[in-house]
Amino acid sequence: MGKGGGCVPSKKKVPSAVAAADASGSRNAPIPVEDEPHGAEPNATVETTTSGPIAKLKIFIVFYSMYGHVEGLARRMKNGVDGVDGVEGVLYRVSETLPSEVLEQMKAPPKDDGIPEITAAELAAADGLLFGFPTRYGCMAAQMKAFFDSTGQLWKEQKLAGKPAGFFVSTGTQGGGQETTAWTAITQLAHHGMLFVPIGYTFGAGMFKMDSIRGGSPYGAGVFAGDGTREPSETELAIAEHQGKYMAAVLKRLNVA
């Protein structure tokens, strides 16, 4: 209060009308306005850079199939992998070790040329791996074992260490090795430092059904081939597709930044 009885406005005090306008403006601006770049014209267009498409994670589905049963699982498994956003399944087969005349006597159908053969060195480019093979006396077929035996350089350089991997199999009978064929193959992963990813009972109620004959186990998808003429059942194919989805989901979790 001055001597003349009037108020002398403070130089530091903001007039009430201006303060009210500022407060109202702040409340009505949900996104703060940034200062314009130094030296930019008021209405100038600022160039921005956008990153290219993110590369998909790749799961190599590597298999050996004599009569097509394992190949049928592999194709359905790829559908499962491809159904997960950001992940892609790639089919490969391993080299045949039997001569053509022996394959003819065994009445083995010709291989699909649309699926390329893979070399051991190419495994390093995969983010995850699914290996499929028929059983031979409760273990993997010699063709797949020969392929694993060719991965010595990858083992020496530890190029596969830390990569998740799983198995799917084919057997002739119900007691012919649905579990042991996958179980005995785990040693290959262990020596490479890879991570074994079984499906457990994640397929759900279908794993407990007893009303039909089916392959598959907690170790991975499977099919009963019988004498070679039996085709995979829809349940066996569904488990294979589930394994592809499950592996893709696990791979994405492992690759979260």
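Visitor: Where is the place of Y67 in the chain?

Guide: In this predicted model, Y67 sits in the loop between β1 (57–63) and α2.

Visitor: What makes Y67 count as partly exposed?

Guide: The relative accessibility of Y67 is 34%. Buried requires under 20% and exposed requires over 50%, with partly exposed in between; the value for Y67 therefore places this residue in the partly exposed class.

Visitor: Which residues does Y67 touch, not counting residues up to four places away in sequence?

Guide: Y67 touches M106, K107, A108 and P109. In addition, Y67 and A225 are 158 residues apart in sequence, with their C-alpha atoms 8.6 Å apart in space.

Visitor: Why does T151 count as buried?

Guide: T151 has a relative accessibility of 3%. The limit for a buried residue is under 20%, so T151 counts as buried. T151 lies in the loop between α4 (142–149) and α5 (152–157). Leaving aside residues up to four places away in sequence, T151 touches A120, L123 and H192.

Visitor: How many of the residues of the chain count as buried?

Guide: The share is 38% of the 257 residues.

Visitor: Why is α2 called oblique to α8?

Guide: The axes of helix α2 (residues 69–82) and helix α8 (residues 234–254) cross at roughly 45°. Under 35 degrees the helices would count as roughly parallel, and from 65 to 115 as roughly perpendicular. An angle of roughly 45° falls in neither range, nor is it over 145, the range for roughly antiparallel; therefore α2 is oblique to α8. The two axes come within 7 Å, and α2 passes α8 in a right-handed crossing.

Visitor: Which residues in α2 meet α8?

Guide: G72, L73, R76, M77, G80 and V81 in α2 do so. Their partners in α8 include E234, L237, A238, E241 and K245.

Visitor: How many aromatic pairs does a search of the whole structure find?

Guide: The search finds 8 aromatic pairs. One is formed by F147 and F148, and this pair is edge-to-face.

Visitor: What makes the pair of F147 and F148 edge-to-face?

Guide: A pair of aromatic rings is described by the distance of the centres and the angle of the planes. For F147 and F148, the centres are 6.4 Å apart, and rings pair if their centres lie within 6.5 Å. The planes stand at 65°, and an angle over 60 counts as edge-to-face; the pair therefore receives that name. Both F147 and F148 are buried. They belong to one aromatic cluster, together with F131, F133, F167, F196 and Y219.

Terms used: Residues are numbered from 1 along each chain as its sequence is written. This is a predicted model: local features need pLDDT of at least 70, side-chain atom pairs count only at pLDDT 80 or more; totals for chains, interfaces and linings use all residues. Side-chain values use heavy atoms; hydrogens and water are left out. Buried means under 20% relative accessible area, exposed over 50%, partly exposed in between (1.4 Å probe, protein chains only). Rings of Phe, Tyr and Trp (its six-membered ring) pair if their centres lie within 6.5 Å; planes under 30 degrees apart count as stacked, over 60 as edge-to-face and the rest as tilted. Axes are lines fitted to C-alpha atoms, for helices over the stretch in contact, and angles run from 0 to 180 degrees between N-to-C directions. Helices (H or I, at least four residues) and strands (E, at least two) are DSSP runs, numbered from the N terminus. A crossing is left-handed if the near helix is turned anticlockwise from the far one by less than a right angle, and right-handed if clockwise. Contact means heavy atoms within 4.5 Å.
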